[in-house]
Structures are given as C-alpha cells and as structure tokens.
Amino acid sequence: MSTPIDTQRMEKIVSLCKRRGFIFQSSEIYGGLNGAWDYGPLGVELKRNLKNYWWRVMVHERDDVVGMDGAILTHPAVLKASGHVEGFSDPMIDCRTCKAHLRADQLVEKKGVKQCPNCGSKDLTEARQFNLMFETHVGAAAEESSVAYLRPETAQSIFVQFKNILEVSRKKLPFGIAQIGKAFRNEINPRNFTFRSREFEQMEVEYFCRPEQGMELLEYWKEERLKFYENIGISRERLNVKTVSDKERAFYSRGTYDIEYDFPFGPQELEGIAYRTAYDLKQHQDASGKSLEYFDDEKKERFIPHVVEPSAGVDRTILALICDAFAEDQAPDDKGKMESRIVLRLHPRIAPIKCAVFPLLKNKERLVAKAKEIVDLLRPHMFVFYDESGAIGRRYRRQDEIGTPFGVTVDFETLGEKDSKARDTVTLRERDSMKQERVGISDLLQLLSMRIA
Ligand code: GAP
C-alpha cells in the first residue's frame, strides 16, 4: 500500500474515461455541475455488471439476505431519529482571501500554521458545522412542514422498513436486508474525480443479529467483502483493511473496519463495515413509538436486534476497478512492429463488452455474413460488439482500451478457402496475453461463457 501520489496516472485515467465514454462531467455543455457525474455507454455497462454481481453474491446466492428498494425522498422524522438532522455535518472553514469553502481536514499546515490549500493564505475563518444533507420541499407549499431530505445513505430506509420486511420474509436472525441506490451529500469540496461526489450510489446490507453475534459477524463480513473485491479482479495488494480507532468511530459502533484501495491519489476508503449495535432500530423505535423488536421463538425472548453493516460505494468501486485495470504496455501493430498500447485489464465478469467480433475485411461479403452469424449466436448470452472498420490491429487496440477480454476474428480460413479442415473455425484473441488460438465456432459459446462466468 501507499505508493506516492501519481497525478500523471490519474490524468490519463480521467482522460480515458471521457474519451471512451465511461464517465462525463454532468451538465458539461453548461460548464459542469461540481460533484455530479454522468456515466456514458461503457460506464453504465460497467456499473450494471458491478451492481448485478454484488446483488448476485449478497442476495441471490444466500438464504439469509433479502432485497429492497427505498424512496430517495425521506421524511424528516427518519433523519431526526437517526441523528442526521442534528449531526451529519463536516467542519467548514472559509478562506477570506480566495473565498474558497474548505473542509477543516483539507487545510495544509506549514510550520504549525494552517493555510488555504488553494492560495496559501493564512486568513481563515473559524470552523463551523455544515450539514451535508440536501433539503427539499414536498408539495406545492414551500413551508417548514413540507421539508423532506434526499437520503444521505440508503441504510435508513432499511431500518425503517425492518418490521415490514421481517413479517413478509419470515426470516429468523441472523438475516440481512440489502439495497443498492442513490445517496446525496452536499460535500464541501468534491474531489478526486468521482471519488467524493455529491450524488453517488451505495450498496449496503444491514445484517441483523443477536447481540452476542455482533463482533463475530463483523469479522465474517470483513472477510466476505475482501473476497468480493478479489472476485471482481481488484488486486489484493492494493487493498488495505484499516481498523477504525475508538476515537474515529461513531459513538454507537463497537467495531468498524474500512476497506481502503490504493488509488493514484493515495489510499482511500472504498467500503465501511460497521457493527452498529442496536442504535438505529432503537432510535426509530423510540421516535416512532412503534415496536421494532424481534421475538426469538426458541429462547422466548423479545429484544431489539443488533446490526452489522457492510456499506460500499458503487462509484468508488468503479473508480478502483478502472484504476486497478489501467495499464500501458507494448503490442505489435499490423506489420509486427511494437507500439505502446493502453489496456484495461478488467475482469471478464465485470468488463462492459465481453467479446468483439471482427470480419477480417469489411468488403468481403462472406466474411461479414459469417461474423454476423457469430454475433447472433453470442448476443443472447453476453454483450457483444461488432466492428468491421479499420485495420485489424487498430480494432484490437480499440477493444483493449475499453477492457474487452476477447476478440473473435473471421478470416479466409473460417470460410475453408485454404484448408477445408479449418472451415468454421475462428481466431480467438485474449486481451491481456494477446495470445491467439484457433477454435471451432460450435465451441465458442461454451468456451467464452466458461471464461466470463
Ligand atoms: N450507511 C453507512 C454509510 O453511509 P459511509 O462511510 O458514510 O457509511 C459508505 O458511506 C460508503 O459510501 C463509503 O465507503 C463510500 O464508498 C461511499 N460514499 C460515501 N460518501 C461518498 C461520496 N461523497 N462520494 C462517493 N461515494 C461516497
């Protein structure tokens, strides 16, 4: 962990994201909206693959987790009870010289004196608390009684629906409720590309348990979540588990881990795993007057469950995936001369496009027809891209840059023109090793499905 800050690498990654349609600045043609991002054609595929895989592993492959999808507009009573209205704030300092609004922890300190990181001025205001929630009004009248908030985390709707979901799912402790969705925070200083945004997505599980299971489940979820990151192809050596100290932890938490990724701008949190005790359910029970207790049939006991929460950011994981996959190496051009290439070594499971299909020449009708037949064969099973324009080397390079793990080329051998034994075989090229093998069209679907799964 902890490589020096690599600004150049980050610039190349941001540029690739825009050039190839992964991520754009939101409202770009109007000058951009700070802290908001739009995902383009490839970014949206990458995001879907990540969320689908998370849902598969965290919900579908388990008997003890069910899903939900809560509203973004949130009743103020929910966020009063959770403590967000009072306490979800960051200390903010203004620079009187350049008028920047700064988070207190972003100041630079030189010879023991705090300075503005933008202009170096020491003329700074005292810190004051700035609430990060976005407030809005529901209905036609903008008065105090109509206030609602955009949720600052997906977790609270899970706690508020705990009783309904317990009843309909008939689960016994321990069990979890999972949710993927948007969250909004009016961050004082959004930065590091999508890393700290004002609108972002979370993937959270609230895993309810008996009080004596809390600490053990915290360890369990830490291991599960580390496995997840490895299974989407993030290298283990760039991941770090930080034990959050008593001082830094929320007062109600008995243990918290942060899973950090070593970004080019330094190691930063990808996911928090927190043992939150019974705090949230108790707060909502007290404030709403509705029982959020669980009845243990076997022990004949009634109590408020405790909860362990693995809470991951979709956008941060996407950024980590792209940073981890980004590489520059050497590859031969069409004449065999080595040239530098950019390659995204994304895990096939997560890659936006799984396979590109190329006819060797676009003006040979039989090659094109065969390539299109292969597209039709694969398309019901995976996202396939057809490309007939330009030299084959250039077409490979374009796919390497967006992380497509496999390329299939239809050539004259496929048509059986040189050797009838090679009829209906194609070249299958692997992105990272650039190795090519000859495979039968009839084997292609099974082979690719196995390698992508
Ligand atoms: N329910 C607990 C919770 O929300 P958090 O540590 O504040 O905890 C969880 O957020 C995850 O959400 C973070 O680890 C991060 O991945 C993501 N996240 C939080 N704030 C973010 C922001 N401003 N921009 C992008 N992702 C953010």
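Two strands pair if DSSP finds at least two bridges between them, and strands E20 (residues 326-332) and E21 (residues 338-344), joined antiparallel by seven bridges, are one such pair in this structure. The structure is a predicted model, and the points below take up its sheets, its hairpin, its two largest pockets, its salt bridges and some backbone details. An open sheet of seven strands with mixed pairing and a pocket of about 1600 Å³ are described at most length.

**The hairpin of E20 and E21**

- Within the E20 and E21 pair, Asp 329 has Arg 341 of E21 standing opposite.
- Five residues lie between the two strands of this hairpin, and Gly 336 adopts a positive phi near 90° there.

**The seven-stranded sheet**

- The strands of this open sheet follow the order E3-E12-E13-E19-E16-E15-E14, and their pairing is mixed.
- Because strand E3 (65-67) and strand E14 (239-243) stand at the edges and have a single partner strand each, one side of each is left without a neighbour in the sheet.
- From one strand to the next, the twist of this sheet averages 25°.
- Strand E15 (residues 255-263) and strand E16 (residues 266-277) run antiparallel and are joined by nine bridges; Phe 263 has Gly 266, in E16, as its bridge partner.
- Helix H7 (residues 214-231) packs on the sheet, where it touches strand E13 (199-209), E14, E15, E16 and strand E19 (306-313), and the direction of H7 makes about 150° with that of E16.

**The three-stranded sheet and other strand pairs**

- A further open sheet is formed by three strands in the order E6-E5-E9, with antiparallel pairing.
- E6 and strand E9 (128-131) are the edge strands here, each with a single partner strand, so one side of each is left without a neighbour in the sheet.
- Neighbouring strands of this three-stranded sheet are turned against each other by 50° on average, direction ignored.
- Four bridges link E5 and E9 in the antiparallel sense, and Ser 89 has Asn 131, in E9, as its bridge partner.
- Strand E11 (residues 147-150) runs antiparallel to strand E4 (residues 73-74), to which two bridges join it, and Leu 73 stands opposite Leu 150 of E11.
- E11 also pairs in the antiparallel sense with strand E10 (residues 135-137), over three bridges, and in this pair His 137 stands opposite Val 147.

**The largest pocket**

- The largest pocket holds about 1600 Å³ of space and is lined by 50 residues, of which Phe 88, Arg 185, Glu 248, Asp 258 and Glu 269 are the closest to its centre.
- At least two lining residues come from each of helix H4 (84-87), strand E5 (89-94), E13, E15, E16, helix H8 (279-288), E19 and helix H9 (314-325).
- E16 gives the largest share of this lining, with seven residues.
- By residue class, the lining of the largest pocket comprises 15 nonpolar, 15 polar and 20 charged residues.

**The second largest pocket**

- The volume of the second largest pocket is about 300 Å³, and 17 residues line this pocket, with Asn 49, Arg 56, Arg 349, Lys 354 and Ile 452 lying nearest its centre.
- Helix H2 (41-60) and helix H12 (441-452) each contribute at least two residues to this lining, and the largest share, seven residues, comes from H2.
- The lining of the second largest pocket divides into seven nonpolar, five polar and five charged residues.

**Salt bridges**

- The structure contains 44 salt bridges, one of which joins Arg 19 to Glu 401, with the closest N and O atoms 2.6 Å apart.
- Since Arg 19 lies in helix H1 (residues 7-19) and Glu 401 in helix H11 (residues 392-401), this pair ties together parts that are 382 residues apart in sequence.

**Backbone details in loops**

- The peptide bond from Leu 173 to Pro 174 is cis, with omega near -5°, and Pro 174 is found in the loop between helix H6 (162-169) and strand E12 (175-184).
- Although Lys 99 is not a glycine, this residue has a positive phi of about 70°; Lys 99 belongs to the loop between E5 and strand E6 (101-103).

Definitions and conventions:
Residues are numbered from 1 along each chain as its sequence is written. This is a predicted model: local features need pLDDT of at least 70, side-chain atom pairs count only at pLDDT 80 or more; totals for chains, interfaces and linings use all residues. Side-chain values use heavy atoms; hydrogens and water are left out. Axes are lines fitted to C-alpha atoms, for helices over the stretch in contact, and angles run from 0 to 180 degrees between N-to-C directions. Contact means heavy atoms within 4.5 Å. On a 1 Å grid over the protein atoms alone, a cavity is a set of points where a 1.4 Å probe fits but cannot get out, and a pocket is an open set with protein on both sides within 12 Å along at least five of seven lines; lining residues have an atom within 4 Å of a point. Grid points are joined across faces, edges and corners, and a volume is the space filled by probe spheres set on the points. Ala, Val, Leu, Ile, Met, Phe, Trp, Tyr, Cys and Pro count as nonpolar, Asp, Glu, Lys and Arg as charged, and the others, Gly among them, as polar. A salt bridge is a side-chain nitrogen of Lys or Arg within 4 Å of a carboxyl oxygen of Asp or Glu.
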